[in-house]
Amino acid sequence: MGHKVDYLRLSVTDRCNYRCVYCMPPEGVPFKPHESLLSYEDMAFFVERAVEMGISKVRLTGGEPLVRRGVSDLVGLIRATSGIHGISLTTNGVLLPRFAHELKAAGLDRVNISLDSLDPERYRLLTRGGSLDNVLRGVEAALRASLDPVKINVVMMQGLLPELPDFVAVTRDRPLHVRFIEWMPVGGCGPRLPGDLLTKADAMAVLERLGAEGLGKPTPVQSPAGWGPAHYYQFPGHQGTIGFIGSMSDHFCGECNRLRLTADGRLKNCLFSDDEVDVKGAVQARDRDGVLALIQESLDKKTFNKDLISGWTSRGMSQVGG
Ligand code: SAM
Ligand code: SF4
């Protein structure tokens, strides 16, 4: 069929220091006991096998990946794997002031930082208690550490539209790439009212109005080193870009290039599916052929069409990593 699957999202922990409204229920989700998680050596063994099956890019995610101790060690192990051409991290950014330089030195190339609002009170509400100042310090730390590109992930929730001029301003003087993501119904939590949700078209209409009012027309541009399905625009004279991930309104499943490994060793071939292949035993036994066969099994079952899948998944976003 010619599908190329070259991108692995690796969830290093299901734990998180936040409880974002669109990702977790207020009481959180029960965490897996630490002993049930793959070790970093297990993960590195899996990545080597994944390279044999065509993977060349790895993104570390969570929960919040930086709450697991020693994530830089894992970055170093993956960096040493021949055939890996890019390592990225998705984080809420709060711990980046502490770890950005160490991660870069270990071999991390790039980072995506979740930042859903530039208004301190709205940010606090969306993250159920997070501090905007802390994550802004995380963005600065990422730039100072020369992680490149630095992207800002914004899940589009009610109340975002009046903030769009401020997000556009973030892209003016520095190479920051803001990506607006449509909320996805994964794992049974998040907004339920239609008014809570915004689409790519809602936000694009505001950006076009801003352009007409004086900023100049946002023009489609190449992705800043993208591995995924975002479409990017740039305002005249701005260093950074604005991207959209129309997770629900675009039909990009046919171009899906990714596999996901959960922290407890389950391989998932689709965010919207409960189909999981348990690779933990084979990984921990260092059974090369066994792991290769399990990766092939997961690839063979990949549908490249979320509409063939119905119902809520049993794992929430924080247990898969987005
Ligand atoms: N804790 C890290 C963070 O927040 O960046 C990494 C894990 S988080 C699950 C990965 C990404 O998924 C974040 O950008 C987050 O905003 C996004 N996300 C979480 N729940 C989502 C949902 N229901 N729909 C769309 N994106 C979601
Ligand atoms: Fe928020 Fe990321 Fe934690 Fe989910 S995993 S609650 S998106 S910080």
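User: Which residues come nearest to ligand 1?
Analyst: This is a predicted model, to start with. Of the 18 residues around ligand 1, the nearest are Tyr22, Gly63, Ser114, Trp183 and Met184.

User: What lies 3.0 Å from a nitrogen atom of ligand 1 on the Trp183 side?
Analyst: That's a polar atom of the Trp183 side chain. Tyr22 also has a 3.0 Å pair with a nitrogen atom of ligand 1, but there the partner is a backbone N or O atom.

User: And which atom of ligand 1 does Thr91 pair with?
Analyst: An oxygen atom of ligand 1, which sits 3.3 Å from a backbone N or O atom of Thr91.

User: How much of ligand 1 does the protein bury?
Analyst: The protein buries 95% of the 550 Å² that ligand 1 exposes when taken alone.

User: Which strands each supply at least two residues of that shell?
Analyst: Strand E3 (86-91) and strand E5 each do. By class, the shell around ligand 1 has ten polar, six nonpolar and two charged residues.

User: Switching to ligand 2. What's around it?
Analyst: Three cysteines to begin with, Cys16, Cys20 and Cys23, along with Tyr18, Arg19, Tyr22, Gly63, Asn92 and Ser318. That shell splits into five nonpolar, three polar and one charged residues.

User: Any residues I've heard already?
Analyst: Yes, Tyr22 and Gly63: they are around ligand 2, and both are listed among those nearest to ligand 1.

User: New topic: where is Glu163?
Analyst: Glu163 is in the loop between strand E5 (150-155) and helix H6 (164-170).

User: Buried or exposed?
Analyst: Glu163 counts as buried because its relative accessible area is 6%, and the cut-off for buried is under 20%.

User: OK, what does its side chain pair with?
Analyst: A polar atom of the Glu163 side chain lies 2.7 Å from the backbone nitrogen of Leu118. Leaving aside neighbours within four places in sequence, Glu163 is in contact with Ser117, Leu118, Asp119 and Arg122.

User: Last one, helix H5. How many residues does it have?
Analyst: H5 (residues 132-144) has 13 residues, and from first C-alpha to last it reaches 19 Å, close to the 18 Å expected at 1.5 Å a residue.

User: Which of its residues are buried, and what covers them?
Analyst: The buried ones in H5 are Leu132, Val135, Gly138, Val139, Ala141 and Ala142. Their cover includes helices H3 (96-106) and H4 (120-126), plus strands E4 (110-114), E5 and E6 (176-181).

User: And what follows H5?
Analyst: Ser146 follows H5, with a positive phi near 60°.

Note on methods:
Residues numbered from 1 in each chain as written. Chains lettered and ligands numbered in written order. Predicted model: local features only at pLDDT ≥ 70, side-chain atom pairs only at ≥ 80, totals over all residues. Heavy atoms only, no water. Near = heavy atom within 4 Å. Nonpolar A, V, L, I, M, F, W, Y, C, P; charged D, E, K, R; others polar. Helix = DSSP H or I, 4+ residues; strand = E, 2+ residues; numbered from the N terminus. Buried < 20%, exposed > 50% of the residue type's maximum accessible area, 1.4 Å probe, protein only. Polar contact = N/O pair within 3.5 Å; in protein donor to acceptor, adjacent residues only side chain to side chain. Contact = heavy atoms within 4.5 Å. Areas by Shrake-Rupley, 256 points an atom, 1.4 Å probe, with all protein chains shown as cover. Expected span 1.5 Å × (residues − 1).
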